[in-house]
Amino acid sequence: MPYLGSEDAVRELRRALSNPNVQSDQLRYRNTVLKAIRAMSQGVDVSDLFSEMVKACATVDIVQKKLVYVFLCSYATLNPELSLLVINTLRKDCQDPNPMVRSLALRNMTNLRLPSLVEYVEQPLAAGLRDRAACVRRVAVLGWAKLHNLQPDAEIDAAVVNELYGLLRDPDPVVMVNCLRALEEILKKEGGVAINKPITHHLLNRLKESDVWGQCEVLRILQRYHPQSEDELFDILSLLDASLVSPHPPVMAATLGLFLGLCSGLPAVSLAALERVRGPLLAACGSTSRETRFTALCHIQLLLRSLPGLMGAHYKRFFCGYAEPAYIKQRKMQVLVELVNDENVAMLLDELKGYCTDVNPETAQAAISAIGRIGRSYSDRCLEILTGLLGLKQEHITSAVVQTMCDLVWVCPQCSDTVCSALEGCEEMLQDSQGRQALLWLLAAYGERVSSAPYTLEGFIDRVRSEASLGVKMELLTTTMRLFLCRPSETQDMLGRLLHYCIEEEMDMCVRDQALLYYRLLHCGIEETHKVLHGQRSDPSLGVLIGRPAEPINQWAYSFNTLEPLRQAGVETEPASRGSPEHVTFDPKPNTDLSDTLNCSQIEKVNLGSDGASGFTCSSAKVLAPLSLSLSPALSPEEFEHLWMQRHAEQGAEKLEEEEEDYVCLEERIQFPAIPPCSPQSLQAAMQLVNIQTLAFTPPHTLPWRVYLYTHTHHAHYGSTLVIGELLYIGEASRRVAAVKKGMEDGDVVEGEQEAGLSGRALVRKDGREEEVEVTLKQQPRDDNALKGFLSILTTVLHTLSSESS
Amino acid sequence: MLQTSHSIECAISDDFRSGGLLQLTIIFIFDSSVLICRNYKGDVDMAEIDHFFPLLMQHEEDGLLCPVLSRGNVHFMWIKHSNLYRILINELVSTTNKNSNASLVYSFLYKLVEVFTEYFKELEEESIQDNFVVVYELLDELMDFGFPQTTDSKILQEYITQEGAKLEVGKSKVPTTVTNAVSWRSEGIKYKKNEVFIDVIESINVLVNANGSVMSSDIVGSIKLKTMLSGMPELRLGLNDRVLFALTGRDKGKTVVMEDVKFHQCVRLSRFDIDRTISFIPPDGESELMSYRINTHVKPLIWIESVIEKFSHSRVEIMVKAKGQFKKQSVANNVEVRVPVPSDADSPKFKTSTGNAKYVPEKNMVVWTIKSFPGGKEFLMRAHFGLPSVENNELEGKPPITVKFEIPYFTVSGIQVRYMKIIEKSGYQALPWVRYITQSGDYQLRSNV
């Protein structure tokens, strides 16, 4: 269509619309209206035609009416006064003998979205509720919800609400469901539609009559119902059983959601329900719609958290097709990793190997890291595949393999020999910073076993001027230092060059500071340097944490059948979550691939036997609420300082009123005989394992000995909180008392201002027995479960440390 | 970054408690411009739509494309409906603010596509632009205030018609179906000759590994009806016992278990539960009466052995052997074996024992067509390609060999229609016609090169 100036077009249309000849000819009139709508949908501003269109509304031609309504609903908000004229026509249409016309008029009346028209709309809407035709009632019921939405603060007419409740018994299932929807909207402030026993039973009995959308709506709203007796509960469950295996994934998911809600106190029944939906879920995984497949996969991942064996026999259903989109392939691989066992491992690895050469680099990377994860249990087979992949000489594959090996070695040190021999010649193929960082980390940890390590480093150092990545430079410094310690003669010269460059020429302050630090460290002598730089190469204790224990269903049930499981994937697969598992050097690097949040349920189990001596009793039967810790967002020392002082002041001032405040104080004692021998590094590493960050500490063997730490707790239901704390030890002969103080407050970090020595007044209790640590926890907002969870994690860490050092 | 994702989670949990479901805006987007858009509840800022396409592009570049894209607390849940024959892409997007049942939203979007394709044959840019009035009407009928309403295309087609002329003044009356007890069929349908055609169609999905082992296989079956019957007939469909047992899950030892059995809403499920009869009042015209899936180890009906030898810088030699592993009496029609070749291959040469081979350079494959392929027979195709001396450095995927075929008068599952009883008040005689077809679904054999 030739583009006329919009003004011309509008003028032309207006002339045509007001031409009596056109108006008298039904077909011409309609076509002119059509032209106006076409112009509108092409983005031409035709709002000037409003008055002409209002006239065109008064016609017997339904098609023209519909067209005009489309126009009016789009522009009504711009012309509230003129819209008043339409109301008359609409009200007249509401009397029309044709139910189609009546429902059309009602719907558009409520779609005008003009608060000024509400008074004219109410009467026809009320009449609509009592209309003979179901299609009019459907529209009228929702109309009330729209009116309420328009004026959320207006008073609710009790008569209307009553009538809507009455219409729940309407013979038409759509009217029934629409009533639920409308009441839900209108009574939002009172918590939605009231769900009592008669309503619940009525809805359940008529569930079958509704279409898929209606069923889902009913099932969702019923989640609020609490059966009065166990018998009633089981009656409801058996009524729902057929929907649980419904071939429609939305109904199946909604039913399972309701099931899990109803059976939250009956884990055995919930588990049985999960078994029951296996078939429909697998069917949804084979659906022709990729989005349905994706959704099903995400939900299977949730289910596997509680029932790891659920899909074991069906692992072939998760093999990827060639043309599947990357997001499905990556999800499938995540599921496959969970399903690996002795019987299928060969086949699974064979399949995953095929994905490693996928054209999509992200998918290839995901496949390689999936193999790495399986490698924690089946290291030989996986290493064979990984080293084989290096032979392909593809940049992105090599990078992913080196990163995966880096992660693998951290957990399984027995792999190091194979990894070391595989590293030779890799550096030419590594282009991206993450891959090079991983290579450098491996060289730092196992430099003495890789014969070409100095040559590789030399290459890096020669190119350091053109190096863009900060991470690589930092890693390079540490690696060169560590290699210098084990192979001094080969490395001395290049270390000098590197330090010189970093101190004299480097523009980035972080790198410069790091280099200066190392430089000064070297001045302190080789012994001292060795002590600082000698770090862990691996963490065998992590091996215990790998096998994920079955989580209680309640931990994820709240997010079932929402967008959350779909979104979590996005975060998990972000390339940013990869990196080297460096713990020991002083640069605070996020401890990444070990998953950002570590689940504490495992730790709690370990803890159960050992915390008998501590004053805190953790009832072993009770499963603590889902709590996980994480280090992000990071807290800077200044911010910490500010928060710490703030907490402290408040505590001093209002000690008596603490219980009424929104944070709570808890004091506990923990046995911890290992404070003096334990090195800051090992403490820091241990804390980091459970995602507690130590911010600052005094050197060992100085008194009083202090550690400042922080973490974030993530609770499944309440979002996250920030925990800050201090460990204090005052050595007095054999008396060891330490106080841990913690202040918790909301996740939002306040910008701090002062920078000074951290010298918070500690709360010391001298009544503690020998080798005891006193713990004081403050929390805001109050959440006892999270507090207890955190305390038990801390206790475990300290116990583990003291048992290691003794 | 972490902070933002954090706030999204909060938004979700907030909305979860408030309990809303769909906050839908339906948008059709073609080539980054909005074709048509309908804001159902009016509280999503329409400016949000402008963010969708850049967001999509950005995620695609990062390789993080996902069916849910989020910006702040607006979530875009989108599907892509593309036409294979013309490279034309439409996107259906729904934005939702509330914490919604994800599979429900996707089902609705697919329902939308289904309805529109039934109206316009193909859902693409032109059909939407040419019919935007109907599109607006349909969008209004399908959903009101963010809640799905009438989504059955059969019913919709009765009162929203494509030709405006059909809706003559005064003639438009309420379709009985909107209020009727039998919502899928209106009264007063008349045919001169009363017939019903029953198609039993089974699609075979197979995935075979490069070393020749079958990784997965299943059968997706459906019974389709084309009903041309007057009045309100009552139909009863009789299937063979073997299938009935499979349907009900009895006698699990011998028969295969059908899973994912879906009946059209017209089938009286209560009746089926009691005495296993499939009885129904059929919708007029074409409809799918039931569908099922059998997850079983079927012998691949057409077996492919392939040897693909790639001599770098000089040539590729392909040898493909196809074998019909079905009964001798049956014949597979229109068999197409699609063999992938490197993208830089040239100068094709073919030799086939039957049928034709053709090189399709734009898809990087050889298509070997065999018009009629009797069971138990074996055929051979050889192909030879030249490769340039300068090698293509780009990493290429390993597409599988795919096979297309159709075998009439045969079903893998053994499902059979024993009888179809048609009872109508007026007592007319009607003829049922039954046809069986087995065809290839997703039939892939991975190659070793």
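Ala, Val, Leu, Ile, Met, Phe, Trp, Tyr, Cys and Pro count here as nonpolar; Asp, Glu, Lys and Arg count as charged; the others, Gly among them, count as polar. Keep that in mind for two sites in this predicted model.

Start with the cavities. The structure holds 12 of them at 30 Å³ or more. The largest has a volume of about 150 Å³. Its lining is made up of 15 residues. Those closest to the centre are Arg107(A), Cys135(A), Arg138(A), Val139(A) and Glu141(B).

Which helices each supply at least two residues of that lining? From chain A come α7 (99-111) and α9 (134-150); from chain B comes α5 (132-142). α9(A) gives the most, with 4 residues. How does the lining of the largest cavity divide? The split is 6 nonpolar, 4 polar and 5 charged residues.

Now move along chain A to a pair of helices. Helix α26 of chain A spans residues 453-462, and helix α27 of chain A spans residues 470-486. They pack at an angle of about 145°. Their axes lie 11 Å apart. The crossing of α26(A) past α27(A) is left-handed.

Which residues make the contact? On α26(A) they are Ala453(A), Pro454(A), Leu457(A), Phe460(A) and Ile461(A). α27(A) brings Val472(A), Leu476(A), Thr479(A), Thr480(A) and Leu483(A). By class, the contact of α26(A) with α27(A) has 8 nonpolar residues, 2 polar and no charged. The lining of the largest cavity, by its own count, includes 5 charged residues.

Notes. Residues are numbered from 1 along each chain as its sequence is written. Chains are lettered from A and ligands numbered from 1 in the order in which they are written. This is a predicted model: local features need pLDDT of at least 70, side-chain atom pairs count only at pLDDT 80 or more; totals for chains, interfaces and linings use all residues. Side-chain values use heavy atoms; hydrogens and water are left out. Axes are lines fitted to C-alpha atoms, for helices over the stretch in contact, and angles run from 0 to 180 degrees between N-to-C directions. A crossing is left-handed if the near helix is turned anticlockwise from the far one by less than a right angle, and right-handed if clockwise. Contact means heavy atoms within 4.5 Å. On a 1 Å grid over the protein atoms alone, a cavity is a set of points where a 1.4 Å probe fits but cannot get out, and a pocket is an open set with protein on both sides within 12 Å along at least five of seven lines; lining residues have an atom within 4 Å of a point. Grid points are joined across faces, edges and corners, and a volume is the space filled by probe spheres set on the points.
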